[in-house]
Amino acid sequence: MATVKVSEAEKVYILHGIRDDLRVDGRGCEDYRHMEVETDVVSNTDGSAKVSLGHTVVLVGIKAEIGKPRPMVPNEGYLEFFVDCSANATPEFEGRGGEELGTELSNTLYKVFNNKHSVDLKSLCISAGEHCWVLYVDVVILVFFWVFMIGFLILQSSDSLTDRIPRVHISADDEGGKEIELSDDPYDCMRLNVENVPCIVTLCKVGHRHVVDATLQEKACSVASLIISVTHKGTVTCMRKVGGGSLDPESIFEMTEAGKRVGKALHAPLMKLLQQEESLGKKKQKVGFLG
């Protein structure tokens with residue numbers, strides 16, 4: 001991931017500002033930069049979204065296909081993730097660097113979303129043990145990236161997908177087997193509940209405090225980060241520490257509480273924005289909001 005060099009004087013300036021809850025760009029420790037979101041940006045997907053934040057641009061597309069349930073959970077559908085770290089985002093994504101990070105992020109997303117608190121996987125089941133909906137989630141990191149944005153994108157992509165999963169009718173054939181038939185009515189669709197899809201918040205420990213949506217300069221002063229996925233009810237579905245430094249138990253507790261607080265606060269404006277996008281229909285435009 002791209003890094004910048006910060007002098008000792010700059011580090012002191014940044015650390016003192018964060019200590020007083022006043023960052024270099026005027027934000028508080030738990031404030032995000034301006035964010036722009038778009039849905040239905042990729043025509044050959046069932047749902048898609050794009051988010052721009054600072055120098056970050058991330059694109060997500062979702063396709064729904066009928067597959068076979070996993071043996072351990074025969075009455076549930078599931079999600080498959082693929083993360084592509086474009087070399088255009090940073091030279092460090094070239095070659096195996098991008099592949100390793102993509103695999104690492106995919107594994108994190110499995111932990112975030114494949115649980116009962118994030119998505120109702122049972123609603124994706126068509127016929128227990130035989131057929132289910134599989135949601136293939138493709139993530140493309142176009143420009144320098146922070147991981148929390150993927151949670152926003154999947155929520156937005158899932159929301160634009162909700163009216164596109166056709167309802168499936170099951171009937172018996174002459175030999176006693178089961179046949180599945182997709183409805184021809186474009187309005188006869190299943191609505192996927194995305195209310196509990198979590199926001200993924202990344203908190204960077206800088207000095208004795210922590211910040212969200214860290215800049216490159218703040219990241220250079222950080223010893224470690226904590227990635228937390230939070231539902232609108234404040235339920236933590238996944239937590240992961242990244243970075244070479246260590247976090248003491250008190251810091252982990254404080255960062256967890258802050259992540260829950262920030263994640264819950266972000267859900268309300270995000271869901272409002274998605275409802276506005278849905279009401280616009282084909283007249284959708286890029287919409288910005290402050291997290």
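**Exercise 1.** Does Arg-27 count as buried or exposed, and at what relative accessibility?

*Solution.* Buried means under 20% relative accessible area, exposed over 50%, and partly exposed in between (1.4 Å probe, protein chains only). Arg-27 has 8% relative accessibility, so Arg-27 counts as buried.

The model is predicted: local features need pLDDT (the predictor's confidence in each residue, from 0 to 100) of at least 70, side-chain atom pairs count only at pLDDT 80 or more, and totals for chains, interfaces and linings use all residues. Residues are numbered from 1 along each chain as its sequence is written, and side-chain values use heavy atoms, with hydrogens and water left out.

**Exercise 2.** Find the salt-bridge partner of Arg-27 in the loop after strand E12, and place both residues.

*Solution.* Step 1: a salt bridge is a side-chain nitrogen of Lys or Arg within 4 Å of a carboxyl oxygen of Asp or Glu. Step 2: Asp-213 meets Arg-27 at 3.2 Å, N to O. Step 3: Asp-213 sits in the loop between strand E12 (209-212) and helix H4 (216-220), and Arg-27 in the loop between H1 and strand E1 (34-39), 186 residues apart. Helices (H or I, at least four residues) and strands (E, at least two) are DSSP runs, numbered from the N terminus. Step 4: Asp-213 is buried, at 2% relative accessible area. Step 5: a network of salt bridges links Asp-25, Arg-27, Arg-33 and Asp-213.

**Exercise 3.** Characterise the salt bridge between Glu-104 and Arg-240.

*Solution.* Step 1: the closest N and O atoms are 2.0 Å apart. Step 2: Glu-104 lies in helix H2 and Arg-240 in strand E14 (residues 236-242), so the pair ties together parts 136 residues apart in sequence. Step 3: Glu-104 is partly exposed at 35%, and Arg-240 is partly exposed at 21%.
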